[in-house]
Amino acid sequence: MLNYALVVHAAPYSHQAALSALRFADTLVTGGHRLTTVFFYHDGVHNASALMSPPQDEVHLADGWKRLHDDHDTQLLVCIAAGLRRGLLNADEANRHGLASHNVEPPFELTGIGQLVDAMLNNDRLITFAP
Amino acid sequence: MTSLSSSHIEPQDLLVVLRHPPHGAHWLREGIDVALVAAAFGQRVGLLFQGDGVYALLEGQQAGALGQKGTYPQLAMLEMYDIESLWVSAAALSERGLSIDDLMLPVKPLSAEAVAELIQIQPHTLIF
């Protein structure tokens, strides 16, 4: 049993890498490994959008990530610098920036790059999924 | 240009590989951000410039017509963060008609074999 963390750089549905990351994550936990953290960076921050509305016959990526959190306690961390630039904000940040709405909800958390360094140091493997 | 062999390479806590040019995409900036934060957390960080990433090292860059900030100011800060292990792919330089003398920082050129070994001996590598 190994502890894993993933870094996702790919936007959902734009690139295979986001779906591949989720499939890899599901396979990890099915295989008895522990996935402690998924860190969304670069365009990967869009995976955290609460407004994601894919057609019903396609995989719902945000729901897939949330299921990992619910079933396996996986932290879903979104880089705050990369997120704010791209319009991914939780209620606190929207409030701070005087914006009318937000689109990041728990269990996704906005956090700093330091958490990525932390995930790197405190897991047996850190695997990147990029386009 | 003489390239270093791997016997001169020390493993770092983290190697950040930069493969994108300083303008036209945000890869390079976000990659350097990770390097700076890791260094601020006390990690020994090395950078490897590969592919179009070597353009980040050119002297005399400006924000320019694309309206992006570019990465020149970030790279100028590396020394302040004690990021001094800087490597560049010698092949990436020569493919682009560049030499070490065109670059703003004291980077060490590596042969393709040395690049492979560099990545192999690092405990952690992040690729941008």
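Which residue just after H1(B) takes a positive phi? In this predicted model, the residue concerned is Gly42(B), whose phi is about 85 degrees.

The secondary structure of chain B consists of four helices and five strands, and these elements follow the pattern β-α-β-α-β-α-β-α-β when read along the sequence. For the 128 residues of chain B, a compact globule would be expected to have a radius of gyration near 14 Å, and the computed value of 14 Å agrees with that expectation. Along the principal axes, the C-alpha atoms of chain B fill a box of roughly 40 × 35 × 20 Å, and 36% of the residues of the chain count as buried. When contacts in chain B between residues at least 6 apart in sequence are considered, 77% of them join residues at least 24 apart.

Helix H1(B) was examined in further detail. The 14 residues of H1(B) should span 20 Å at 1.5 Å a residue, and the separation of 20 Å between its end C-alpha atoms agrees with this value. Because 11 of these 14 residues are buried, H1(B) is largely enclosed by the rest of the structure. The buried residues include Trp27(B), Leu28(B), Ile32(B) and Val34(B), and also, among those with charged side chains, Arg29(B), Glu30(B) and Asp33(B). The cover over the buried residues of H1(B) includes elements of both chains, namely helix H3 (80–85) and helix H5 (114–121) of chain A, together with strand E1 (14–18), strand E2 (45–49), helix H2 (72–76) and E5 of chain B.

At the interface, 13 residues of chain B are in contact with 12 residues of chain A. Helix H1 (27–40) and strand E5 (125–127) of chain B each supply at least two residues of the side that touches chain A, and the largest share of that side, six residues, comes from H1(B). By residue class, this side of chain B divides into eight nonpolar, three polar and two charged residues.

In chain A, Val8(A) lies in strand E1, which covers residues 3–8. With 32 other C-beta atoms within 10 Å, where 20 or more are required, Val8(A) is classed as buried. Leaving aside neighbours within four places in sequence, Val8(A) is in contact with Ala18(A), Ala21(A), Val38(A), Phe40(A), Gly44(A), Asn47(A) and Phe129(A). The C-alpha atoms of Val8(A) and Leu19(A), which are 11 residues apart along the chain, are separated by 9.9 Å.

Notes. Residues are numbered from 1 along each chain as its sequence is written. Chains are lettered from A and ligands numbered from 1 in the order in which they are written. This is a predicted model: local features need pLDDT of at least 70, side-chain atom pairs count only at pLDDT 80 or more; totals for chains, interfaces and linings use all residues. Two residues are in contact if their C-beta atoms, placed from the backbone, lie within 7 Å. A residue is buried if 20 or more other C-beta atoms lie within 10 Å of its own, exposed if 12 or fewer, and partly exposed in between; C-beta atoms are placed from the backbone. The radius of gyration is taken over C-alpha atoms; the globule rule is 2.2 Å times the number of residues to the power 0.38. The expected span of a helix is 1.5 Å times one less than its number of residues.
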